[in-house]
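Biologist: Got a minute to go through this one with me? I'd like to start at the ligand and then wander a bit.

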Amino acid sequence: MNRFFILYLYCKKFGREAGMAPLLVFLSTLFFSSFLCYISFKRSINGRSPPRPPGPKGWPILGNLLQLGAKPHQTLCALSRVYGPLFSLRFGSVNVIAVTSADVAAQFLRTHDANFSNRPPNSGAEHVVYNYQDLVFAPYGPRWRMLRKLCALHLFSAKALDDFRPVRAGEVAILANTLYSHAQSRREANLGELLTICTTNALSKAVLGLRVFGEAGNGASDFKELVIEQMRLAGMFNICDFLPWLRPFDLQGVVGKMKNVHRRFDTFLGKAIEEHRRADAKGDNLLSVLIRLMEDTESHGGELTNTSIKALLLDLFIAGTDTASSTVEWALAELIGHPEILKKAQTELDSVAGSNRLVSEEDLPNLPFLHAIVKETFRLHPSTPLSLPHMSSESCEVNGYHIPQNTTVLINIWAISRDPAVWTDPLEFRPSRFLPGGGYEHIDVKGNDFELIPFGAGRRMCAGLSLGLRMVQLVTATLVHAFDWALPARQRAEELDMEEAYGVTLQREVPLMAHPIPRLAQKAYINV
Ligand code: HEM
């Protein structure tokens, strides 16, 4: 700015002395208008039109895709040490923003929540869940609202949770009984596998009125394979989602597999709907309720169709089973590695539930240390480390940066809950931090405290939070109360592998294998 002004004065002085009035007017005008242009340019850079967030340079065409590595949540956390808690990336032709601090996450999911309530397009939503007819990928609007309301009322409300309480108790008792027989025959248990069976059956009984794992003759084994295949596909990275001109080629064969899974799911769910219809949809499971509601078009404006019901059921199985079971598996692995914390939790459970029966949901309000263990597990091992992606509907300004329309936003839940600026000794498993006097007793997992958001936050936060949380608390409590745990021969607790494997949910790289050792009276395990 000073340079323009000095030049202007210089021109004025020497021009006048040389009798060059017309030239002087011309030059002064030129310099003055340049000066104004310069000012407005600087303003547009600094003020009105803010810059894009910083970020690593990418490759031509692919952008930063190749830099993500096998564990993108860890890579993005490392990049935030260089570029700060809000930085930009490019995945093929898609603009992406990564967020790694609680404050910035609150700006996206609270201050600008409405603008970020859509999900970016992806092949899974198109080919598996009936072309965005489901709840997880539905565009933010009336249909999404209707599906969310239906689930909130008939599956996740306090009344629905109470109605299905015996179902969860029954499945947890079957799990305890199975572990007891492992103990009797001195077999080690594959915890991940048994927990997936338990959570999926508890959900499928509430949703379809049947146990999809472990019962012959109802297509259950086919369904089991399907759930597993779908989870594998959901964890795969389809490069064509980011380079749309590659779509016709399906380079990784992902779309072909998705279509196959979709067809099989469709047949299974179509049959389930037919059977429920034949039985006049009299049951109290969610599918019966939805079929009854479908007849009453006024209640849903014609939006509830056979297809949207199937899409919703698919969502519930994909979103609601592995999330809960992997969290419990991590909790138990941490407890085996910290025997003094396991002991303290057992003492609390014994004092509330005794040793003649399994712990029940009615006991949960009296187990503060158990709740602290669950929170600490969600903090260190959030089951969806990058949450689900959000997308901006319009361009906007966040934290002084310009975010263009249709930008994908990845909230790194994993990095946020390990942020050393917020958490003391962030990598230590220390549940007592959530107890009174522990420094973090005010923090909850329900989307209000952005330092810990395993279920996300804002309008698109987890629809099944109430059920997921209840299930994780009950199953963890049961494993801790009913058994002591020993690792297979020669494996020492302090050497237990805690490596993560990235996928649709944050699984353990090495499945947790352990020997259950019953610690309650025998009758507690056989009353199934
Ligand atoms: C430990 C258990 C669970 C965890 C940690 C978890 C976590 C999450 C997260 C992080 C999201 C994305 C939120 C966002 O986009 O901001 C989500 C979405 C969702 N979850 Fe869960 N979840 C769990 C259990 C469940 C269960 C049991 C169900 C249903 C049976 C469920 C159904 C859903 C649905 C339908 C959505 C999409 C919501 C929408 O787009 O409006 N989740 N969950």
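Modeller: Sure. This is a predicted model, and in it a backbone N or O atom of valine 136 lies 3.5 Å from an oxygen atom of the ligand.

Biologist: OK, that's backbone. What about arginine 119, how far is a polar side-chain atom there from an oxygen atom of the ligand?

Modeller: For arginine 119 that distance is 2.8 Å. Histidine 390 also has a polar side-chain atom by a ligand oxygen, at 2.9 Å.

Biologist: How many residues surround the ligand, and which are the closest?

Modeller: There are 30 around the ligand, and the closest are Arg119, Trp144, Arg148, Arg460 and Cys462.

Biologist: And by class, what does that shell have?

Modeller: The shell has 17 nonpolar residues, ten polar ones and three charged ones.

Biologist: Which helices each supply at least two residues of the shell?

Modeller: Helix 6 (142–156), helix 13 (306–320), helix 14 (322–337) and helix 18 (465–482) each do.

Biologist: Switching topic: helix 3. How many residues, and what does it reach end to end?

Modeller: Helix 3 covers residues 72–83, so twelve residues by the DSSP run. From its first C-alpha to its last it reaches 16 Å, close to the 16 Å expected at 1.5 Å a residue.

Biologist: Which of its residues are buried?

Modeller: In helix 3 those are Pro72, His73, Leu76, Cys77, Leu79 and Ser80. Looking down the helix axis, they fall within an arc of 165°, so they line one face of helix 3.

Biologist: What's on the other side?

Modeller: Arg81 and Val82, which are exposed there.

Biologist: And what covers the buried residues of helix 3?

Modeller: The cover includes strand 1 (86–91), strand 2 (94–99), strand 7 (408–411), helix 17 (413–416) and strand 9 (500–501).

Biologist: Which residue just after helix 3 takes a positive phi?

Modeller: Glycine 84, with a phi of about 90°.

Biologist: Next one, serine 123. Buried or exposed?

Modeller: Serine 123 is buried, because its relative accessible area is 6%, and buried means under 20%. The residue lies in helix 5 (residues 123–127).

Biologist: What does serine 123 touch?

Modeller: Leaving out residues up to four places away in sequence, serine 123 touches Val128, Asn238, Asp241, Val255 and Met258.

Biologist: Last one: where is glutamate 274 found?

Modeller: Glutamate 274 is in helix 11 (residues 254–278). With a relative accessible area of 39%, glutamate 274 is partly exposed.

Biologist: And how far apart in space are glutamate 274 and leucine 150?

Modeller: Glutamate 274 and leucine 150 are 21 Å apart, C-alpha to C-alpha, and 124 residues apart in sequence.

Terms used. Residues numbered from 1 in each chain as written. Predicted model: local features only at pLDDT ≥ 70, side-chain atom pairs only at ≥ 80, totals over all residues. Heavy atoms only, no water. Near = heavy atom within 4 Å. Polar contact = N/O pair within 3.5 Å; in protein donor to acceptor, adjacent residues only side chain to side chain. Helix = DSSP H or I, 4+ residues; strand = E, 2+ residues; numbered from the N terminus. Nonpolar A, V, L, I, M, F, W, Y, C, P; charged D, E, K, R; others polar. Buried < 20%, exposed > 50% of the residue type's maximum accessible area, 1.4 Å probe, protein only. Expected span 1.5 Å × (residues − 1). Arc of directions from axis to C-beta. Contact = heavy atoms within 4.5 Å.
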